[in-house]
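Work through these exercises with the model in view. Try each task before reading its solution.

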Amino acid sequence: MPPPSTAQQKVFITQFVSLTGASERQATRYLKSTGFKINEAVDAFYAAGNEPKTSALEAKLESLFDSLRDDDNDEKDKLELDSTMGYLSNKLKANLENAELFLALDLIQAPSVGEITRKGYVGGWKATGVGATHQEHAAHLKKLKSSLSTDTALFKKVYRYTFVAGREGDQKALSLENALIYWGMLFTPPGMAWRTPNHDWLELWMSFLNEKWTRSVNKDMWNMTLEFAVKAMADETLSFWSEDGAWPSVIDDFVEWCRVKGITKSESMDVDADA
């Protein structure tokens with residue numbers, strides 16, 4: 001196999017330096033010794049006893065994280081509730097009452113709604129590549145917020161993250177009370193507004209659950225609600241739904257509830273009505 005071109009070698013060297021914090025001279029030496037196989041070169045670098053070095057960007061982000069800590073209330077590597085919310089509202093200028101809250105927390109890999117870890121903060125902002133100032137971070141969040149309602153992949157990522165971060169303690173499901181609050185935040189602007197010209201589906205969904213549902217919301221119900229919402233916005237007659245589909249029973253019950261209330265009808269119901 002021919003050696004990589006000079007341009008390709010430079011790319012590998014840059015990647016090696018980025019991954020390890022090594023010098024370009026070290027990167028070149030280890031890459032050459034492994035035939036420019038990046039994974040083998042990195043393994044060899046660490047096998048030789050080299051320690052990963054903190055990049056300049058990471059150092060700045062570490063310092064920025066430290067500036068957010070309250071020495072009296074926060075651990076060395078974690079911001080508690082007050083510091084977390086203060087950071088989100090004062091530094092990122094995030095609205096804590098809508099989907100922007102979860103967008104921001106997902107960015108910095110927060111393990112829950114009320115805490116931010118040093119590892120998540122540094123790793124999250126490093127991955128964006130937007131810099132190491134609160135102003136740059138706030139601008140990046142604002143840019144993402146503007147596309148949250150139209151970027152389906154981004155919204156789905158934030159939506160699924162919300163379930164993980166929104167659980168309390170070691171619970172495997174969301175309480176219905178919290179799920180309703182989070183749906184209300186996610187399915188309204190700047191999130192994806194769950195409504196069509198003739199129906200406010202979010203209001204209908206929440207009314208149905210308040211009236212008929214008493215259990216918690218597990219992961220499958222949470223994720224399938226988004227799938228149903230996307231389809232319902234494309235087809236408010238719900239003709240995509242069928243009894244033989246793979247929807248969870250709560251979705252089936254919701255469709256039936258809507259039909260009983262005359263919100264939407266099926267062809268079979270129309271036939272029965274004409275008979």
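**Exercise 1. Describe the annotated stretch.**

Task: find the helix and strand content of residues 56-259, and how far apart the end C-alpha atoms are.

Solution. Over residues 56-259 the chain is 60% helix and 2% strand. The end C-alpha atoms of this stretch are 60 Å apart. Helices (H or I, at least four residues) and strands (E, at least two) are DSSP runs, numbered from the N terminus. The range comes from UniProt, where an unreviewed entry lists residues 56-259 as "domain: DCUN1". UniProt positions follow the numbering used here, feature names are shortened, and annotations may be inferred rather than shown by experiment.

This is a predicted model: local features need pLDDT of at least 70, side-chain atom pairs count only at pLDDT 80 or more, and totals for chains, interfaces and linings use all residues. Residues are numbered from 1 along each chain as its sequence is written, and side-chain values use heavy atoms, with hydrogens and water left out.

**Exercise 2. Size up the whole chain.**

Task: compare the radius of gyration of the protein chain with that of a compact globule of 275 residues.

Solution. Start with the elements: the protein chain has 14 helices and two strands. Next, take the radius of gyration over C-alpha atoms; the globule rule is 2.2 Å times the number of residues to the power 0.38. The rule puts a compact globule of 275 residues near 19 Å, but the protein chain has 25 Å. Then check the extents. Along its principal axes, the C-alpha trace spans about 85 × 55 × 35 Å. Last, look at the contacts (heavy atoms within 4.5 Å). Among those between residues at least 6 apart in sequence, 61% join residues at least 24 apart.

**Exercise 3. Place Thr162.**

Task: is Thr162 buried or exposed, and which residues is Thr162 in contact with beyond its neighbours within four places in sequence?

Solution. First locate the residue: Thr162 lies in helix H9, residues 152-166. Now apply the cut-offs: buried means under 20% relative accessible area, exposed over 50%, partly exposed in between (1.4 Å probe, protein chains only). Thr162 counts as buried because its relative accessibility is 0%. Across the chain, 43% of the 275 residues count as buried. Then list the partners. Leaving aside neighbours within four places in sequence, Thr162 is in contact with Phe102, Tyr182, Leu186 and Trp222. Finally, take Leu105, 57 residues from Thr162 along the chain: their C-alpha atoms are separated by 8.9 Å.

**Exercise 4. Inspect the backbone in the loops.**

Task: what are the phi values of Lys93 and Gln109, and where is the cis peptide bond?

Solution. Begin with Lys93. Its phi is positive, about 60°, although Lys93 is not a glycine. Lys93 sits in the loop between helix H5 (81-91) and helix H6 (100-107). Lys93 counts as exposed because its relative accessible area is 60%.

Move on to Gln109. Its phi is near 50°, a positive value in a residue other than glycine. Gln109 is in the loop between H6 and strand S2 (116-117). At 45% relative accessibility, Gln109 counts as partly exposed.

Now the cis bond. It joins Pro189 and Pro190, with omega about 5°. Pro190 lies in the loop between helix H10 (176-186) and helix H11 (201-212).

**Exercise 5. Follow Ala48.**

Task: where is Ala48, and is Ala48 buried or exposed?

Solution. Ala48 is in the loop between helix H3 (38-47) and helix H4 (56-68). With a relative accessible area of 51%, Ala48 is exposed. The C-alpha atoms of Ala48 and Thr128 are separated by 31 Å, and the two residues are 80 apart along the chain.
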